[in-house]
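Me: I have a protein model open and I am new to this. Can you show me how to read its features, one at a time?

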Amino acid sequence: MKNILIILVLAITFNLTYAQNKVGWFINPEIGTIFHDDHIGRTVGASIGLKLFNDHLKVGIFNMGRSGPINPEIFTVETSGAQLYRGSTQLNIRADQQAFGLLLAPSFTLNKVRLELPVNIGQMGAGFYLVGDDRNTPDGRRVSEWENQLMDERDADGGGWLEFGLKAYFPINDKGMSLGTAFYYTRVSNWETYYDPTGDFYNNNFRFALSLNFESR
């Protein structure tokens with residue numbers, strides 16, 4: 001977070017000192033999908049930040065997640081060491097994920113349509129958790145302790161998040177509101193879990209998002 005703030009301050013200072021252009025602002029809530037190998041995940045998120053160099057560059061922060069409650073897909077995995085849990089060695093689990101970091105987006109306008117090339121750079125945390133009756137632990141211990149034990153202390157992990165995208169905004173009115181559509185290609189590094197030791201669950205994926213754009217004029 002500290003490094004992101006430093007970059008924002010430096011960008012604003014350069015813009016005001018050398019480019020002598022006004023600074024604008026933007027807020028982009030979004031909903032989207034991640035195209036996994038065998039299913040489509042749902043995401044929610046938002047970006048907020050500043051517009052620099054006469055609206056030709058956006059600098060800000062992004063926050064995007066694959067929330068468990070809106071992703072009902074169930075995955076199955078055998079327990080570590082064939083441990084018994086509620087009479088079975090097979091676990092039913094769901095996935096969740098959160099990514100946060102720096103947004104950089106060069107932009108230009110073509111026939112009243114704003115086009116952007118967003119780059120999201122940050123960190124993500126993601127993992128798998130027990131669902132349904134399996135959350136009622138047999139000994140009263142916290143379910144997170146059982147998840148750690150049954151998945152060899154690797155039920156969740158963190159890693160680097162990098163996305164490249166193409167985004168188009170279509171104006172709704174003349175007050176700074178527009179509808180945005182975007183496609184992203186996602187790379188995740190150094191993320192590994194018991195269910196997915198290869199780290200491919202989020203890596204090398206495409207993501208689609210719809211967003212509302214609120215910005216200064």
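Reply: Gladly. Keep in mind that this is a predicted model. Start with the largest pocket. Its lining has 14 residues, and K112, R114, P171, E215 and R217 lie nearest the centre of the pocket.

Me: How much space lies in the largest pocket?

Reply: About 240 Å³.

Me: Which strand gives the most to the lining of the largest pocket?

Reply: Strand β8 does, with three residues. Look along 156–171 to find β8. β9 and β10 also supply at least two residues each.

Me: How do the lining residues divide into nonpolar, polar and charged?

Reply: Four are nonpolar, five are polar and five are charged.

Me: Now the inside. What is the general idea behind a nonpolar core?

Reply: In soluble globular proteins, nonpolar side chains tend to be buried together. Here, the largest nonpolar core has 24 residues. L91, I93, M124, W191 and Y202 touch the most other members.

Me: Which elements each supply at least two residues of this core?

Reply: Four strands and a helix are on the list: β3 (57–66), β4 (75–78), β5 (90–110), β7 (119–130) and α2 (143–150).

Me: Let me zoom in on L91. What is L91 in contact with, leaving aside its neighbours within four places in sequence?

Reply: L91 is in contact with F75, T76, V77, T79, Y85, L130, L150 and M151.

Me: F75 makes me think of rings. How many aromatic pairs does the structure hold?

Reply: There are 11. To read one, check the distance between ring centres and the angle between planes. Take F75 and F128: their centres are 6.1 Å apart and their planes are at 85°, an edge-to-face pair. This pair links distant parts of the chain, with F75 in strand β4 and F128 in strand β7, 53 residues apart.

Me: Are these two rings buried or exposed?

Reply: The cut-off for buried is under 20% relative accessible area. F75 has 6%, so F75 is buried. F128 has 3%, so F128 is buried too.

Me: Which angle separates the planes of F128 and Y195?

Reply: The angle is 50°, and the pair is tilted, with 4.8 Å centre to centre. F128 sits in strand β7, while Y195 is in the loop between β9 and β10, 67 residues apart. Y195 is partly exposed, at 27% relative accessible area.

Me: Which residues do ring pairs link into a cluster?

Reply: The cluster holds F75, F128, W191, Y195, F201 and Y202. W191 and Y202 also appear among the core members that touch the most others.

Me: One last feature: backbone angles. Where should I look for a positive phi in a residue other than glycine?

Reply: Go to N190, where phi is near 55°. N190 lies in the loop between β9 (177–189) and β10 (205–215). Its relative accessibility is 70%, so N190 counts as exposed.

Me: And what is the phi of R86?

Reply: About 50°, again positive, and R86 is not a glycine. Find R86 in the loop between β4 and β5. With a relative accessible area of 42%, R86 is partly exposed.

Technical notes
Residues numbered from 1 in each chain as written. Predicted model: local features only at pLDDT ≥ 70, side-chain atom pairs only at ≥ 80, totals over all residues. Heavy atoms only, no water. Core = buried A, V, L, I, M, F, W, Y, C linked by side-chain atoms within 4.5 Å. Buried < 20%, exposed > 50% of the residue type's maximum accessible area, 1.4 Å probe, protein only. Contact = heavy atoms within 4.5 Å. 1 Å grid on protein atoms, 1.4 Å probe; cavity = no way out; pocket = protein on both sides within 12 Å on 5 of 7 lines; lining within 4 Å. Points joined across faces, edges and corners; volume = space filled by probe spheres on them. Nonpolar A, V, L, I, M, F, W, Y, C, P; charged D, E, K, R; others polar. Phe/Tyr/Trp six-rings, centres within 6.5 Å; stacked < 30°, edge-to-face > 60°.
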